[in-house]
Amino acid sequence: MTKPKRRDTSKVMKEFLSEAQELVESLSRNLLNIDSALKAGEPDPDMINEVFRGWHTLKGLASTFGAEALAKLAHEEENLLDEIRLGRIDLTADALDSLLESVETAIRALNAIDAAGDVNAVAPAGASEAAPAARGEARAAQPQIDIDLHEMVAPEVLEVLTEFEEHRLRTNLQQGRGVYRVRTRFALQSIDAELDAIKRRLKPLGEIITYLPSTESGDPDLLDIDVILVLNESLDALDTALEGLEAKREQIVAPRVQPRDTSQTLQPKPERGGAAAPKPAQPAGPLSSVPVLAEPRADALVSSRSREQGASLRSVSQSVRVDIGKLDRLMNVVGELNIIRTAIAKVSDELRTAMGRRDLAIELHRVTRGFERRLAEMREGILEVRMVPIGQMFDRLSRMTRKISRSLGKEVHLVIAGADTEVDKLIIEELSDPLMHIIRNSIDHGVEEPSERRDAGKPDVGTVALTAYQKGNHVLIEIEDDGAGIDGERIVASAVQRGFLTPEQAGSLSEREILSLVFLPGVTTAKEATELSGRGVGMDVVKTNISSLGGVVEVQSEIGIGTKFTITMPVTLAIIPALLVSVDGDTYAVPLNTVAEALILSPADVQSVMGAEVMTLRGKTLPLCRLDRFFGRPRVEPLPEISRVVVASLGQRRLGLIVDNLVGQQDVVIKSLGESLADAGCFTGATEIGDQRLSLVLDTVAIIEEFFAIGDEASRPLPVVG
Amino acid sequence: MTSSYLVVDDSRAMRAYVAGALRSSLDCRVDEASSGFEALRLFPRGTYDAVIADINMPDINGFELIRHLRASERQGGVPIVIISTQTSKRDVERALELGANLFLRKPFTPEEIVRAVTSCRPGAEASS
């Protein structure tokens with residue numbers, strides 16, 4: 001058969017890539033859900049079917065668009081999932097490993113295709129060299145009750161079932177459950193919402209096998225749908241769920257066992273081979289993993305479509321994928337419009353003071369204000385588009401956690417909170433590696449071996465909690481484990497061995513200073529590097545990466561209790577509100593998110609402590625830094641009589657920056673200084689501030705760190721990190 | 001004369017592929033439905049020269065769609081082309097038994113889908 005053309009950059013091709021990416025993302029999410037469901041009991045068959053359909057769709061797409069290697073991978077996975085969903089292979093943790101592995105392979109393949117613009121850019125290795133049977137464990141023969149579906153269920157139902165639906169029906173009948181037909185009538189116009197409501201009512205009661213449409217009503221605007229439902233609960237529960245709906249129920253097959261809420265002892269308990277997790281009383285009960293939703297109220301029916309459909313993302317997705325570069329360009333345009341706005345405002349002001357056309361000046365002023373408001377809205381809008389829920393990254397981290405903990409023989413539960421916290425896409429991209437590294441460390445060095453944990457009176461399963469939340473203009477991400485904590489002595493020994501400090505200096509360190517030594521290159525708590533941690537990327541790189549994004553990472557730890565890393569990041573990098581200050585005739589921009597306050601400083605306020613200038617602010621000592629001196633520039637203009645202090649704060653540290661004057665506040669678009677000036681450590685970039693004037697943007701993080709490092713070197717030659 | 005088609009598939013790239021193939025070689029309008037239910041909603045509105053549908057879809061599968069169409073008074077005779085990667089012989093047979101005109105296995109070329117659709121259109125021999 002002739003294949004469609006290989007190189008196709010058309011819209012259809014883009015559609016393929018974008019849908020394929022969505023598919024693998026939801027595959028990953030569904031597999032992780034199955035993983036947690038597996039630990040709690042039995043996963044919902046719907047979830048497994050969803051994964052099957054995901055690979056199935058991907059296979060169809062990939063083969064249609066000529067991505068043969070990807071199609072082959074999808075084909076293998078589809079086959080394996082088919083065996084699993086049809087109950088021929090047991091779904092074990094090992095099988096899940098390889099299923100997740102294949103998702104990663106698919107992600108890499110798609111990235112390569114995307115980058116190269118060629119569907120055959122990669123030939124991903126097959127899903128697994130092992131035959132499907134070896135990837136999952138063949139299910140041990142179950143004591144089955146032979147049933148004849150055709151005797152029990154009308155042919156009009158049977159003839160339209162897919163193989164999977166038939167299998168689910170058979171499995172449930174073998175377990176003696178009752179099957180019902182719930183007939184409902186929908187107005188065609190609102191069918192999505194109404195059907196969703198029915199789904200949410202019925203799903204907690206059992207398993208929906210399929211929906212059968214018919215037009216017996218004779219009205220072209222109405223549609224009768226028969227929901228074929230396997231009931232796990234009592235008939236009363238079903239009737240309660242149907243209350244208020246125009247629905248009739250009818251029994252297709254009577255239950256042979258009592259519904260579970262009245263008796264559990266009568267349940268047949270089929271033996272299963274290979275599953276590691278303990279099974280609940282009802283092994284095939286699909287309910288164990290279904291979130292039990294509150295009983296829906298009639299008035300909530302219409303507006304409730306998206307929740308249940310979360311699993312089948314594609315059918316409801318309203319989203320568009322946009323290249324972040326395009327947003328950057330838009331943001332630049334906004335930045336330039338901002339500069340034009342400033343220029344117009346200036347002309348407008350001049351016009352007002354000039355004699356003559358005062359009416360025109362007022363009109364121009366009014367128009368300018370309108371323009372400003374719209375521009376602000378536009379900026380907000382673009383910023384909003386750049387923001388993505390941090391949960392996008394958490395999926396990847398969950399997969400990795402699972403992989404690492406299994407390879408180390410530790411069981412680790414990743415608890416995620418705040419997945420819907422929104423962060424700039426760029427930050428998410430850049431944060432992913434540092435976060436992975438911290439989590440890898442937590443599992444490798446933090447969480448103890450199960451036996452060790454038992455001795456310490458902790459549960460066998462370790463916990464790594466990943467929490468994200470917004471605080472002002474910052475997003476905080478905490479990675480907290482319940483492991484052994486950081487051994488301060490070992491850290492100090494390692495730092496001494498690496499020559500960062502002498503044994504004498506080591507003695508005078510505070511606890512916080514000791515912990516912050518983990519961010520120095522090569523400093524480790526591990527006696528010997530394991531395969532995971534010995535990759536040459538240390539916490540120093542984590543710290544550098546986070547700093548380069550304008551963030552800080554701090555660590556707290558308690559022996560025997562655990563370790564917590566806290567990352568503080570700006571919400572966005574694209575455009576920031578800044579405080580413009582003047583120092584010796586030049587204007588600098590200080591990112592407002594690092595400014596705590598600004599004060600007037602009279603010479604009398606400045607005290608000298610051991611050669612360093614400080615002032616007292618509300619009873620606390622505030623170290624002062626004269627920016628002109630700090631930059632090492634000889635002063636040209638005379639020192640003003642009264643200076644200003646900008647109090648910069650970051651994490652726990654505060655520093656007073658002495659400037660000549662405050663110029664004003666302005667939103668600035670930061671532009672890179674370029675390769676040649678990449679070493680200008682104290683500046684994050686430059687920005688235009690109107691009148692075609694340029695201003696350097698201070699890297700407050702770097703300034704604070706360098707200031708304290710120099711200060712400390714004077715008294716105690718210790719590199720301060722933190 | 002402008003013909004009109006309905007493509008039912010839960011993959012939007014697949015819908016775009018099929019619709020693109022039909023539009024580029026036939027003078028036609030193509031409606032798209034991303035689920036069986038969406039198709040059910042469209043049926044009473046339009047008259048289609050052919051319906052192209054996948055089998056494996058959530059909620060309402062392709063079989064149910066075929067039966068529903070065949071039972072309907074207005075559109076009982078509309079040609080149905082099933083496009084699926086389904087490898088199961090059972091499913092191919094079932095689709096044809098329920099009244100599908102053709103079963104086209106994915107992957108297919110644009111030419112193949114156009115040929116399939118035109119071949120089962122009433123009075124097809126004369127056209128295209």
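**Exercise 1. State how far chain A can be trusted, and where it cannot.**

Step 1. Chain A has a mean pLDDT of 78, and 81% of its residues score at least 70. pLDDT is the predictor's confidence in each residue, from 0 to 100.

Step 2. This is a predicted model: local features need pLDDT of at least 70, side-chain atom pairs count only at pLDDT 80 or more, and totals for chains, interfaces and linings use all residues. Residues are numbered from 1 along each chain as its sequence is written, while chains are lettered from A and ligands numbered from 1 in the order in which they are written.

Step 3. Go to the extremes. In chain A, helix H11 (residues 313-316) has the lowest confidence, with a mean of 37. Strand S15 (residues 586-591) of chain A has the highest, at 91. Helices (H or I, at least four residues) and strands (E, at least two) are DSSP runs, numbered from the N terminus.

Step 4. Mark the weak stretches. Residues 712-722 of chain A stay under 50 in pLDDT, and the model has 18 contacts for them beyond four places in sequence. Two residues are in contact if their C-beta atoms, placed from the backbone, lie within 7 Å. Where pLDDT is low, the predicted coordinates should not be read in detail.

**Exercise 2. Compare this with chain B and the complex.**

Step 1. Chain B has a mean pLDDT of 86, and 92% of its residues reach 70 or more.

Step 2. Among the elements of chain B, H2(B) has the lowest mean, 85, and strand S3 (residues 50-53) the highest, 94.

Step 3. For the complex, the predictor gives an ipTM of 0.86 and a pTM of 0.58.

**Exercise 3. Describe the contact between the chains.**

Step 1. Chain B gives 35 residues and chain A gives 32 residues.

Step 2. On chain B, helices H1 (12-25), H2 (36-42), H3 (62-71) and H4 (89-97) each give two or more residues to the side that touches chain A. The largest share, six residues, is from H1(B).

Step 3. Sort that side of chain B: 15 nonpolar, 11 polar and nine charged. Here Ala, Val, Leu, Ile, Met, Phe, Trp, Tyr, Cys and Pro count as nonpolar, Asp, Glu, Lys and Arg as charged, and the others, Gly among them, as polar.

**Exercise 4. Is B:Asp9 buried or exposed?**

Step 1. Place B:Asp9: it sits in the loop between strand S1 (3-8) and H1 of chain B.

Step 2. Apply the cut-offs. A residue is buried if 20 or more other C-beta atoms lie within 10 Å of its own, exposed if 12 or fewer, and partly exposed in between; C-beta atoms are placed from the backbone.

Step 3. B:Asp9 is buried, because 29 other C-beta atoms lie within 10 Å.

Step 4. List its contacts. Setting aside neighbours within four places in sequence, B:Asp9 is in contact with B:Met14, B:Arg15 and B:Asp54.

**Exercise 5. Check helix H12 of chain A against its expected span.**

Step 1. The expected span is 1.5 Å times one less than the number of residues.

Step 2. H12(A) (residues 324-353) has 30 residues, so it should span 44 Å. Its end C-alpha atoms are 44 Å apart, which agrees.

Step 3. The buried residues of H12(A) are A:Met331, A:Val334 and A:Asn338. What covers them includes helix H13 (358-386), strand S14 (575-583) and strand S22 (661-669) of chain A.
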